[in-house]
Structure formats: structure tokens, C-alpha cells
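Biologist: Please show me the chain. I would like to go through its fold with you.

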Amino acid sequence: MNSKTETFIPVLNCGFVEYIDHMGDDLTVVNAARVSFNKESDWDGEQHWTGSIKDKRLSDRDQKLIKYLATHKHWTPFAHPQITIRIKTPIFVRAQLGKHQVGLVMNEVSRRYVTDEPQFYTPEWRAAPTDGAKQGSSDFVDDVPLVAEMDEIYNRVVLEALDAYNRLLARGVAPEQARAVLPQGTYTEWWWTGSLSAFARIYTQRIDTHAQWECRMYAEAIENIISPIFPISWKYLTKKDQ
């Protein structure tokens, strides 16, 4: 793993994105493409060591190949490298990110079995959209008394839901049913494994200004973990060169 890779990035009030593992690198992408001609590349020039981290550099030729592949949407070479992260989000963010299925698998903490005290998202309130339903919200609310009122409404419901959840468990209700009273702001966690091309697609879609703000925060964290591992591929897949 690159020494610059962040391994644990806090997101929102209780969430995070955590690096677990990865397979492959930019050279993997290059050689997955070059096998079509029964060719293979290696890292460019002499390999230098800094501490225990090997300083690897692709040749200019191989960097141009990655750019060509990304620009012309030859996605299969980018599907060979794999990344695993652990991610903790509110349920409603999980619902948005979970729409991405191609090239990804997830295993989630299950409240059928786990009865640990739930944690809840503390929103940063935004106003209703003013330019149609495509944009889910507008600017952040900066009216301090109004924000306090919103917090009071939200926290009252959350505490009531938590109390109901614990009371149902105390009366012997199955956790898989008791969880039904928990709100959308409850945090959940999962392992998420996918190809480099899949995570790049998630990033480009969820970093867009039309995406929900909370999802954009997770997209930024995902980039901060993956970009240092696959710097050339990530740059061209996400059009960072433009």
C-alpha cells in the first residue's frame, strides 16, 4: 500500500471509510490490456527504496495507454484490480450507495443478530429544493434559532425510537423485528469490495453537485483512500487530468 494512503477517514458525525485491503496496481491495468497482444510491461527504470515503500513509476508509454483506455471507455482492464473498504453510513446513505451493484459485493452488519446501542446521524440541515426534484436540497440553513428547532424535533423522535427499540428488546421481541422502529438516520456498517472501475464510477456519480451532500462526503473519503493506490488510473478514470 502506498505510504500516502489514508486508512481511516471519519465522515459525518459518526461515520467513516476504512481501508481493508486491495489487489493490484496501475501496472495490473496496463498488463491486463497488453495481454491482448501477448505483451507485458514492468515498472520503469531502476527501482528505488524509501524506507520499506518501493517507489514505482510507470513508463510514459504505459501512462498514455491508461489514458487511452479510460478516455475510450475500455473498462475491463480496470476491473482486474480490487479494493475492499469498511464503510459506516446512515441507512439512507446506504440506500443511495447500495444502488451501485455492478462489480461490487457487500456484507453488512445485521441487526437481526446485533443489538448494540444504535448510533444516529446528526444532520446539517439544508433547505428544500428551489429548482425541482432533481436537486434534493438547496443551501445549508444558517438561521440559528431555526436550526435549533429542527434539532429539537429530530432528536425527540430519535430518542423515542431508541427507547421503543430497547423496550421491545427487553420484552423479548426478536431483534429482526425490533429494528423496524429505528429511523433512517441510524448508522449501519458494511464491507464493500469492488473493482477499480466500479469504485471510480461510484466516485464520479456521487461527487457530482447534484448528488446528495452526505453521499458526496463519502465519495471524497473513498477517493482519498483509492487515489494514492492507483494514481494514474484514478486520474484518468475520474477525469482529474482535465
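Modeller: First a term: buried means under 20% relative accessible area, exposed over 50%, partly exposed in between, with a 1.4 Å probe and protein chains only. This is a predicted model, where local features need pLDDT of at least 70, side-chain atom pairs count only at pLDDT 80 or more, and totals for chains, interfaces and linings use all residues. Residues are numbered from 1 along each chain as its sequence is written, and side-chain values use heavy atoms, with hydrogens and water left out.

Biologist: Which residues of α6 are buried?

Modeller: Helices (H or I, at least four residues) and strands (E, at least two) are DSSP runs, numbered from the N terminus. Eight of the eleven residues of α6 are buried, so the helix is largely enclosed by the rest of the structure. The buried ones are Leu196, Ser197, Ala198, Phe199, Ala200, Ile202, Tyr203 and Arg206.

Biologist: In what order do the five strands of the open sheet lie?

Modeller: Two strands pair if DSSP finds at least two bridges between them. The pairing in this sheet is antiparallel. Its edge strands, β1 (8-11) and β6 (104-108), each pair on one side only. The order is β1-β2-β5-β7-β6.

Biologist: Which residue in β5 stands opposite tyrosine 19?

Modeller: Strand β2 covers residues 15-23 and strand β5 covers residues 82-90. They pair in the antiparallel sense over seven bridges. Opposite tyrosine 19 stands isoleucine 85.

Biologist: What angle does the direction of α6 make with that of β7?

Modeller: Contact means heavy atoms within 4.5 Å. Helix α6 (residues 196-206) packs on the sheet and touches β5, β6 and β7 (187-195). Axes are lines fitted to C-alpha atoms, for helices over the stretch in contact, and angles run from 0 to 180 degrees between N-to-C directions. The angle between α6 and β7 is about 130°.

Biologist: At what angle to β2 does α7 run?

Modeller: Helix α7 spans residues 213-226. It lies across β1, β2, β5 and β7. Its angle to β2 is about 35°.

Biologist: Is alanine 211 buried or exposed?

Modeller: Alanine 211 sits in the loop between α6 and α7. Leaving aside neighbours within four places in sequence, alanine 211 is in contact with Gln205, Arg206 and Arg216. Its relative accessible area is 10%, so alanine 211 is buried.

Biologist: What share of the 242 residues in the chain is buried?

Modeller: The chain has eight helices and seven strands. Its C-alpha atoms fill a box of roughly 65 × 45 × 35 Å, taken along the principal axes. Buried residues make up 39%.
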